[in-house]
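Got your viewer open and a selection tool handy? Let's take a short walk through this one, stop by stop.

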Amino acid sequence: MSVKAWPADDSGDKSLLERLRRGDAGGAEELFERYAPALLKFADRMLSDRESAEEVTQEVFVKVISRAHQYDGRAAVASWLFAIAANACRDRRRRDRRAAVVPLDSVGELPAAGVGAESRLASRERRAAVRKALEGLSEEQREALVLARYHGLPYAEIARVLGISVGAVKTRIFRAVENLKARFSEGEASWNAAN
Amino acid sequence: MECRELTEYALGRLLGEAPSRERKELDAHVAGCASCRAELAALEETWETLGADLDLPVTPEFRARTVELLEDETARLRIRSFRPGARSPRVLAQAAAILVAAALGYVAAKGGIGSVTKAGNASASTGNAAPSLPDLSKNPRLTNVSYRTDSDGRVAIEFDATTHRSITGPPDDPRVSSLLAYLLSANETAGEKSRAIELVSQNFGPGAAVASPEIVRALATTVRRDRNPGVRKKAAEALASFRSTAEIRAALLAALANDPNPGVRLVAVDALAAAAKEAPDPKTIQSLREKAFDPSENGFVRARAASALKAIDL
């Protein structure tokens, strides 16, 4: 069985957290440099809004500062960060759901077959279609799939991040991929033909 | 391996989680099963297609904003953790005895015991017993500011301005209000501003004290000008919790029209809509209408503006 090196440098992460506990702002900044890109892209895929994703990412690091002393070292620091981010995204979505219903016309429609001969337009449409397909997944499926597909987390780490069993992780990813495959093969992603 | 296990095996391979035995079983199975071969190709294409979704980059502005916020937060925690602990009871008792003796001597020299401070008024203390606020008109630099709301509803604000000072009083006491308004305007970092706004939100508004005009002005200026969206949002939320006035409405209308952050605009929509429900205002209704039909506006803001308009009795 292949062994994944994830996260890349957990002992380094733990040292940064230790610096943070001692009140060294440099520890927080280095953690930001290491994990902001990953946490931002995770939040973006969960929330589909740049401003919200940036706010949630900031929220994660502020929480890390105030909760550094609560980290017990059992999970990798990276898993702990993703767990905070996943919770923050869920809270944000709950709040937004309570606040408003997004009108369907606010999300770009999938392009019609044959549209997009120009390659830049086609690739933009392709991206929009993938994003819309991801948005069509349930929150649970999307969390698990995003962590696996875009962050390369192994099943066991995803289970730690989401607080569920490895079996449940497999099921969520399985269903997410089945859903996406069905959407793509139904012709909704007609950009395949356009490219 | 059986056909129904295809997705599980294929995902294991795509994610690098499948043992070599499973990978070999998968290869052997698809070699002899045309439908699974097609299914596997579709699955791998789906996986590949997901790669078309680009990663959102960390912009230099976001990095700078966040690093500043993290520095603030770390400094705040450091100050809290290094705050001197309680001294021993014996030392405290000795200090109290000296203070009581000094106070009695002072009162006796002034003509006897009988002038009692009116309950509820603000009191001020400093390390060297200076009893007043610093002259805020001279824009003094106040550092190490901390806030507390006591169980009796009095607000305590401690700060350093040459000497360490502590101002305590009910939230609507003029000196507490002035100091809070000053801190809302003068604080430099996002963390400091946020804490001042939080104290205002906790102590003013429905069922609590009425915010003074200077506090409202300071919050309105923060909503309009602060560069941190989190701070602007908190200030807008604080204004939203007050009884609507022309100044508050103007600040929220400006936020709805100009604030780049949809979170701030959402707060503005809610607050303006709530005020318009009680007393419909043409400018508010026009602004909400524009937002509801603006195709370039964030979907959440548009939807909220549209629902707000429906709820207002036009």
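Start in chain B by selecting residues 299-311, which is helix α13. This is a predicted model, so a quick sanity check on geometry makes a good first stop. How far apart should the ends of these 13 residues be? At 1.5 Å a residue the helix should span 18 Å, and its end C-alpha atoms are indeed 18 Å apart, so the two agree.

Keep α13(B) selected and colour the buried positions: B:Phe300, B:Val301, B:Arg302, B:Ala303, B:Arg304, B:Ala305 and B:Ala308. Note that B:Arg302 and B:Arg304 are on that buried list.

Now zoom out to the whole of chain B. You'll find 13 helices and 4 strands there. Of its 314 residues, 34% are buried. If you pull up a contact map, look at pairs with a separation of 6 or more: residues 24 or more positions apart account for 58% of those contacts.

Next, hop over to chain A and select residues 139-149 (helix α6) together with residues 155-162 (helix α7). Two packed helices are described by the angle between their axes and the distance between the axes. Here the angle is about 140° and the axes are 10 Å apart, so α6(A) and α7(A) are oblique to each other. The crossing of α6(A) past α7(A) is right-handed.

Last stop: show side chains where the two helices meet. From α6(A), pick A:Glu143, A:Ala144, A:Leu147 and A:Ala148; facing them from α7(A) are A:Ile158, A:Val161 and A:Leu162. By class, that contact has 6 nonpolar residues, 1 charged and no polar ones.

Methods
Residues are numbered from 1 along each chain as its sequence is written. Chains are lettered from A and ligands numbered from 1 in the order in which they are written. This is a predicted model: local features need pLDDT of at least 70, side-chain atom pairs count only at pLDDT 80 or more; totals for chains, interfaces and linings use all residues. Axes are lines fitted to C-alpha atoms, for helices over the stretch in contact, and angles run from 0 to 180 degrees between N-to-C directions. Angles under 35 degrees count as roughly parallel, over 145 as roughly antiparallel, 65 to 115 as roughly perpendicular and the rest as oblique. A crossing is left-handed if the near helix is turned anticlockwise from the far one by less than a right angle, and right-handed if clockwise. Two residues are in contact if their C-beta atoms, placed from the backbone, lie within 7 Å. Ala, Val, Leu, Ile, Met, Phe, Trp, Tyr, Cys and Pro count as nonpolar, Asp, Glu, Lys and Arg as charged, and the others, Gly among them, as polar. A residue is buried if 20 or more other C-beta atoms lie within 10 Å of its own, exposed if 12 or fewer, and partly exposed in between; C-beta atoms are placed from the backbone. The expected span of a helix is 1.5 Å times one less than its number of residues.
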